[in-house]
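Grab a coffee and open the viewer. Below are a few exercises, each with a solution you can follow step by step.

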Amino acid sequence: MSETAQSNHTEKKDFLVRSSSLKDVRTFCREVFEKLQIEQNLKDELVLAIAEAAQNIVKHAYKDDPKTDDKMVVQISCKDNKLQIGFYDMGTPVDPNKVKHREIDNVKPGGLGTFFIQEIMDAVEFKDGKKPWINHLVLTKQL
Amino acid sequence: MSYKVDEIDNKRVVHLNGEIDMEVSDKARNTILPLIEAGHEVQINLSKVDYMDSSGISVLIESKKLSEQKKTKFELIEVSKPVEKVLAMARKFL
């Protein structure tokens with residue numbers, strides 16, 4: 001499946017929708033970014049953005065079902081130096097209009113994850129989930 | 001994540017170790033907040049934390065806010081590079 005760094009490359013993996021899976025999500029991303037020879041600084045940022053998006057699935061899409069056996073899929077694609085990360089889940093439908101980081105002058109904890117994702121990535125887009133998926137989030141970054 | 005707490009007079013130095021994410025942030029919260037609640041001056045040593053996400057940052061924000069309410073001192077010491085980067089991104093919230 002994989003080719004040389006920064007050429008066309010796609011990998012995906014599924015994970016149980018649990019907070020205990022977040023470490024595995026990070027490990028998967030680090031391994032893929034190693035193959036893509038992405039430099040350390042950017043790699044750390046991308047891993048954080050992906051882990052935050054996965055955390056949002058656990059925390060929000062499965063808020064009412066924390067012991068689910070459902071899985072989420074993380075797909076990392078790199079084509080022509082454009083990195084695209086897809087997230088698929090079968091949780092509660094996300095209303096993209098309600099996904100915002102909080103105001104800067106509001107110092108309550110929470111909402112930081114979305115802020116990090118928006119800071120790190122070039123684009124954040126919710127697409128219609130095609131069956132069996134309910135939510136399909138796509139993060140994009142030009143390398 | 002593992003941790004140890006050093007006691008120096010009224011000061012408590014919490015040494016956190018490992019990765020701090022949603023899975024372990026409650027453990028960090030339940031370690032730090034009661035120390036502040038009890039009126040201790042708290043330092044968090046982050047030299048051995050190699051990953052921290054928004055859950056960990058939220059614990060630090062809560063700790064800082066509680067220390068302001070309790071009028072006690074709260075500070076981060078020996079911040080590792082990975083944590084420093086995340087803190088820099090979150091600086092607007094701190």
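A residue counts as buried when its relative accessible area is under 20%, and as exposed when that area is over 50%; anything in between is partly exposed. Keep in mind that this is a predicted model.

**Exercise 1. Work out how chain A is laid out, and find how many residues of E3(A) are buried.**

Solution.
- Start with the inventory: chain A has three helices and five strands. Going along the sequence, they come in the pattern β-α-α-β-β-α-β-β.
- Next, look at burial across the chain. Chain A has 143 residues, and 44% of them count as buried.
- Now zoom in on strand E3 (residues 82-89) of chain A. Six of its eight residues are buried, so the strand is largely enclosed by the rest of the structure.
- Finally, check the contacts. Take those in chain A with a separation of 6 or more: 64% of them link residues 24 or more positions apart.

**Exercise 2. Find which strands pair with E3(A), and in what sense.**

Solution.
- A reminder before you start: strands of a sheet pair through backbone hydrogen bonds, either parallel or antiparallel.
- One partner is strand E2 (residues 71-79) of chain A, which pairs with E3(A) in the antiparallel sense over seven bridges. To see the register, put Val73(A) opposite Tyr88(A).
- These two strands make a hairpin, with two residues between them. In the turn, Asp80(A) has a positive phi of about 50 degrees.
- Another partner is strand E5 (residues 135-142) of chain A, joined to E3(A) by eight bridges and also antiparallel. Here Phe87(A) has Leu137(A) as its bridge partner.

**Exercise 3. Put the sheet of chain B in order and name its edge strands.**

Solution.
- Trace the order first: four strands form an open sheet, E1-E2-E3-E4 of chain B, with mixed pairing.
- Then pick out the edges. Strand E1 (2-8) and strand E4 (74-77) of chain B each pair on one side only.
- From one strand to the next, the twist averages 20 degrees.
- For a parallel pair, look at E3(B) and E4(B), which share four bridges. Within that pair, Val42(B) is the bridge partner of Phe74(B).
- Last, add helix H1 (residues 25-37) of chain B, which packs on the sheet and touches E1, E2, E3 and E4 of chain B. The directions of H1(B) and E1(B) make an angle of about 15 degrees.

**Exercise 4. Describe the second largest pocket: which elements and residues line it?**

Solution.
- The idea behind the search is simple: rolling a probe the size of a water molecule over the atoms shows where empty space is left.
- The second largest pocket holds about 210 Å³ of space, and 14 residues line it.
- Nearest its centre are Arg30(A), Asp44(A), Asp50(B), Tyr51(B) and Pro82(B).
- Helix H2 (40-61) of chain A, strand E3 (41-52) of chain B and helix H3 (81-90) of chain B each give at least two lining residues. H2(A) has the largest share, with six.
- Sorted by class, the lining has seven nonpolar, one polar and six charged residues.

**Exercise 5. Is Lys64(B) buried, partly exposed or exposed?**

Solution.
- Locate Lys64(B) in helix H2 (residues 54-70) of chain B.
- Its relative accessibility is 34%, so Lys64(B) counts as partly exposed.
- For a distance check, go to Arg29(B): it sits 35 residues from Lys64(B) in sequence and 12 Å away in space, C-alpha to C-alpha.

How values were computed:
Residues are numbered from 1 along each chain as its sequence is written. Chains are lettered from A and ligands numbered from 1 in the order in which they are written. This is a predicted model: local features need pLDDT of at least 70, side-chain atom pairs count only at pLDDT 80 or more; totals for chains, interfaces and linings use all residues. Side-chain values use heavy atoms; hydrogens and water are left out. On a 1 Å grid over the protein atoms alone, a cavity is a set of points where a 1.4 Å probe fits but cannot get out, and a pocket is an open set with protein on both sides within 12 Å along at least five of seven lines; lining residues have an atom within 4 Å of a point. Grid points are joined across faces, edges and corners, and a volume is the space filled by probe spheres set on the points. Ala, Val, Leu, Ile, Met, Phe, Trp, Tyr, Cys and Pro count as nonpolar, Asp, Glu, Lys and Arg as charged, and the others, Gly among them, as polar. Two strands pair if DSSP finds at least two bridges between them. Axes are lines fitted to C-alpha atoms, for helices over the stretch in contact, and angles run from 0 to 180 degrees between N-to-C directions. Contact means heavy atoms within 4.5 Å. Buried means under 20% relative accessible area, exposed over 50%, partly exposed in between (1.4 Å probe, protein chains only).
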